[in-house]
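I opened this one with a fresh page and a few things to look up. Here are my notes, in the order I made them.

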Amino acid sequence: MIDEETLAQMNGKYVCPPDAGPAWRAAMEYGFDMSLIEDALRMTPEQRLEQHQRALDMILELKEAGENHAAK
Amino acid sequence: MPQNDKALLLRLKDQNVEFVIIGGVCGVLHGVSLVTFDLDICCRFTGENLRRIEAAVKDLHPRHRLTANKLPLELTDDLCERLTNIYLNTDLGILDCLGSVAGIGDYEQVLQRSIPHSMSYGEFRILSLEALIAAKSAVGREKDLEAVKLLSAIQEEKKKHKDLF
């Protein structure tokens with residue numbers, strides 16, 4: 001039986017680390033997905049740049065596809 | 001229009017351009033999760049260094065992207081003396097070369113507040129986290145202030161965990 005807290009996390013609830021400082025909490029409350037920052041901080045800077053490149057490529061491909069679709 | 005930051009960085013390095021990575025890509029290297037669509041660098045605005053930049057992108061159809069007619073990058077001694085920034089569109093994406101950074105100062109000051117970053121394809125200098133926060137705070141646009149929120153959170157976390165890059 002999945003408890004309510006685990007279910008909430010499965011549904012996307014972010015659990016702020018108990019030792020999170022004020023800036024971390026402020027960014028979270030502003031609406032940033034801080035789990036992405038946690039993931040990024042576990043990477044090396046080069047891995048971060050590679051991940052960024054993949055995201056950028058995907059966005060630009062989608063943009064191009066949208067433009068091609070609109071042109072038809 | 002593709003944006004290949006790694007390829008642009010490698011070209012700059014190959015030509016021994018004196019530069020520091022600033023802006024959104026610098027934020028990404030520090031751990032920010034926001035996507036950025038250009039490569040911003042701060043570089044020494046001497047004729048020699050500008051010619052190195054020109055050599056790095058000369059076969060990429062570089063154009064001054066903010067000019068009305070998208071003028072091609074064709075440096076002259078006169079231009080080298082008068083330019084303070086160069087905003088380029090190239091076949092590998094946007095490359096913005098700035099002579100100074102708001103909140104920090106000219107290239108020498110940017111260099112002083114930069115840190116080395118080793119990657120598998122070479123070592124690059126990037127603006128330190130503290131300096132990037134100062135720069136983005138000084139620019140003060142909404143998107144910059146949003147980035148400052150993330151950068152401040154990352155700074156806080158890195159102070160707690162010294163092993164984080």
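Before placing anything, I noted that helices (H or I, at least four residues) and strands (E, at least two) are DSSP runs, numbered from the N terminus. This is a predicted model, where local features need pLDDT of at least 70, side-chain atom pairs count only at pLDDT 80 or more, and totals for chains, interfaces and linings use all residues. Residues are numbered from 1 along each chain as its sequence is written, while chains are lettered from A and ligands numbered from 1 in the order in which they are written.

Entry one, a loop. I found Thr46(B) between β2 (39–43) and α3 (47–57) of chain B. Is Thr46(B) buried or exposed? Neither quite: Thr46(B) is partly exposed because 13 other C-beta atoms lie within 10 Å (20 or more would be buried, 12 or fewer exposed, in between partly exposed, with C-beta atoms placed from the backbone). I also checked Ala153(B), which sits 107 residues from Thr46(B) in sequence and 37 Å away in space, C-alpha to C-alpha.

Entry two, strands. I took strands as paired if DSSP finds at least two bridges between them. β2(B) runs parallel to β5 (residues 93–98) of chain B, with four bridges, and Ile41(B) stands opposite Cys97(B). β4 (residues 85–90) of chain B runs antiparallel to β5(B), with six bridges; there Tyr87(B) has Asp96(B) as its bridge partner. A hairpin of two residues joins β4(B) to β5(B).

Entry three, an odd backbone angle. Asn16(B) is not a glycine, yet I read a positive phi of about 60°. Asn16(B) lies in the loop between α1 (5–14) and β1 (19–22) of chain B, and counts as exposed because 12 other C-beta atoms are within 10 Å.
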